[in-house]
Amino acid sequence: MQILTEQKAELDALINGYSAGAVLRHGVDCVLLGRPNVGKSMLFNKIIGRRLSIVEDTPGVTRDRIYGESDWNGRKFTLVDTGGIEPNTDNQILAFMRQQAQIAIDNATVIVLVTDIKTGMTAADQEVAGMLQRSKKPIVLAVNKMDSTGVTDPEFYEFYNLGLGDPIAVSAVHGHGTGDLLDACLQYFPPETDEEEDSDVVQVAIIGKPNVGKSSLTNRILGEQRVIVSDVAGTTRDAIDSYFENATGKYNFIDTAGMRKKSKVDDAIEKYSVLRATMAIERSDVCLIMIDAQDGVTEQDTKVAGLAHDAGKACIIVVNKWDLVEKDGKTMDRMREDIRRDLSYMPYAPIVFISAMTGQRVSRLFELINYVREQASMRITTGMLNSVLADAQTRVQPPTDKGRRLKIYYMTQVGIRPPHFVVFCNDKKLFHFSYRRYLENQIRSVFGLEGTPIIMTVRQKGEEDS
Ligand code: GDP
Ligand code: GDP
């Protein structure tokens with residue numbers, strides 16, 4: 001395959017734009033926390049802008065707009081907005097805030113407590129500030145809606161009473177103060193390294209709808225009743241990271257159960273599940289997506305699985321409660337087909353049928369977890385990729401439009417976990433979804449990449465890196 005010097009130079013510049021081989025760090029750098037209507041989502045949008053998801057160009061389920069990636073002074077960071085829940089009474093507000101704060105404390109590096117100059121400091125602010133202080137996490141205090149840049153509202157100084165250090169005046173509407181806010185956060189971020197230290201502990205998030213058996217699976221693995229399991233709505237427990245070691249390796253299971261208590265507002269339960277799942281997924285290397293064998297794939301399952309896919313995580317579909325299903329010789333195949341149809345955006349994910357209750361096939365999970373993690377960490381040489389690309393183009397000619405044919409010059413891998421490829425072509429518009437799908441399938445048929453999504457970024461000649 002010929003590649004012109006000029007194109008090669010452009011391509012090199014392009015590739016340098018990505019830190020080659022970079023692995024995203026675990027967890028969320030920064031979380032916005034605060035009462036409803038203080039302006040969290042507006043602040044989130046101001047900071048993240050349009051750059052909402054780390055996984056570009058992957059077809060899938062659109063992520064809730066609570067997670068975003070941006071950079072500040074050359075440092076990339078991730079941000080989560082805990083908003084979107086609208087409790088009615090003061091009591092509810094406090095209960096909700098406590099839950100949000102707990103999720104943030106469990107998962108984030110820095111917590112930004114957003115307050116509002118218009119309402120002034122409230123009892124709920126004070127309560128949550130106390131909770132945050134006790135967590136010993138780095139906290140940054142923002143006072144929002146400070147729209148005028150002139151004289152400082154005397155109310156502003158009230159916020160010193162929260163005991164969280166200097167408040168930072170911001171206006172999400174105008175963008176004032178957001179730089180100071182990010183400076184304050186940045187000092188707590190760990191230094192960015194090209195390659196994350198390859199910890200030998202595999203982080204595994206167990207995700208799925210309530211009652212699918214997440215706690216039961218964690219218990220089964222740990223072999224003790226560490227978390228309370230019940231099908232009575234109202235049971236709850238705190239977030240627990242469970243460390244486990246066996247001959248196959250070392251694992252930390254991040255359980256996303258809980259958060260079922262006291263939520264009188266149905267909608268809120270769902271939003272908490274999403275928030276909690278999102279944060280757990282960010283921290284994970286591998287996601288176990290649990291499906292209830294009796295229910296099949298539900299809408300909520302599609303959504304949860306979509307979060308893992310969009311986050312670019314290695315995934316295993318775990319069908320639980322297999323003991324409850326009446327089986328004939330074809331039950332498993334039928335179920336597998338149904339799942340492939342309903343979760344069509346993740347054909348790469350292995351499916352395993354287990355019973356957390358009886359322990360059936362639970363031990364298989366460990367090999368599978370190791371396997372998909374290795375697959376997601378695969379590095380393919382440019383030479384090998386380009387020979388697959390050449391082959392693929394000979395077999396199925398790239399599409400044409402109005403007499404102009406798509407030319408693919410070159411392809412290279414720029415990242416792992418998930419494998420990230422950059423394809424360089426003459427015209428992006430000609431690179432239709434179907435050809436992308438075809439290329440992805442060709443790559444998978446040669447290299448496997450089982451259990452992991454892949455990212456394919458398409459660039460064309462002369463295009464600025466964005
Ligand atoms: P959230 O519930 O904390 O996510 O709050 P929103 O972002 O939805 O904002 C709540 C309301 O406050 C909206 O009506 C916003 O327009 C308003 N708002 C947010 N930020 C500012 C700001 O900096 N200045 C002013 N004046 N209003 C703001
Ligand atoms: P979570 O909300 O996802 O953590 O679900 P739980 O682990 O609390 O399980 C919900 C209910 O399903 C409990 O009553 C469990 O005993 C039951 N359960 C979980 N896994 C299985 C299974 O494999 N088989 C059967 N029969 N019941 C299960």
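1. Start with the pocket around ligand 1: 15 residues surround it, counting a residue as near if one of its heavy atoms lies within 4 Å. The closest are Asn37, Lys40, Ser41, Asp147 and Ala172. Keep in mind that this is a predicted model, where local features need pLDDT of at least 70, side-chain atom pairs count only at pLDDT 80 or more, and totals for chains, interfaces and linings use all residues. Residues are numbered from 1 along each chain as its sequence is written, chains are lettered from A and ligands numbered from 1 in the order in which they are written, and side-chain values use heavy atoms, with hydrogens and water left out.

2. Now the polar contacts (pairs of N or O atoms within 3.5 Å). The side chain of aspartate 147 puts an N or O atom 2.6 Å from a nitrogen atom of ligand 1. For lysine 40, a backbone N or O atom sits 2.8 Å from an oxygen atom of the ligand, and serine 41 also has a backbone N or O atom 2.8 Å from a ligand oxygen. On its own, ligand 1 has 580 Å² of accessible area (Shrake-Rupley method, 1.4 Å probe), and the protein covers 72% of that.

3. Over to strand 17 (residues 455-460; strands are DSSP runs of E, at least two residues). Five of its six residues are buried (under 20% relative accessible area, 1.4 Å probe, protein chains only), so the strand is largely enclosed by the rest of the structure.

4. Strand 17 pairs with strand 16 (residues 420-425) in the parallel sense, over six bridges (DSSP must find at least two for a pair). Valine 423 stands opposite valine 458.

Key
Polar contact = N/O pair within 3.5 Å; in protein donor to acceptor, adjacent residues only side chain to side chain. Buried < 20%, exposed > 50% of the residue type's maximum accessible area, 1.4 Å probe, protein only. Helix = DSSP H or I, 4+ residues; strand = E, 2+ residues; numbered from the N terminus.
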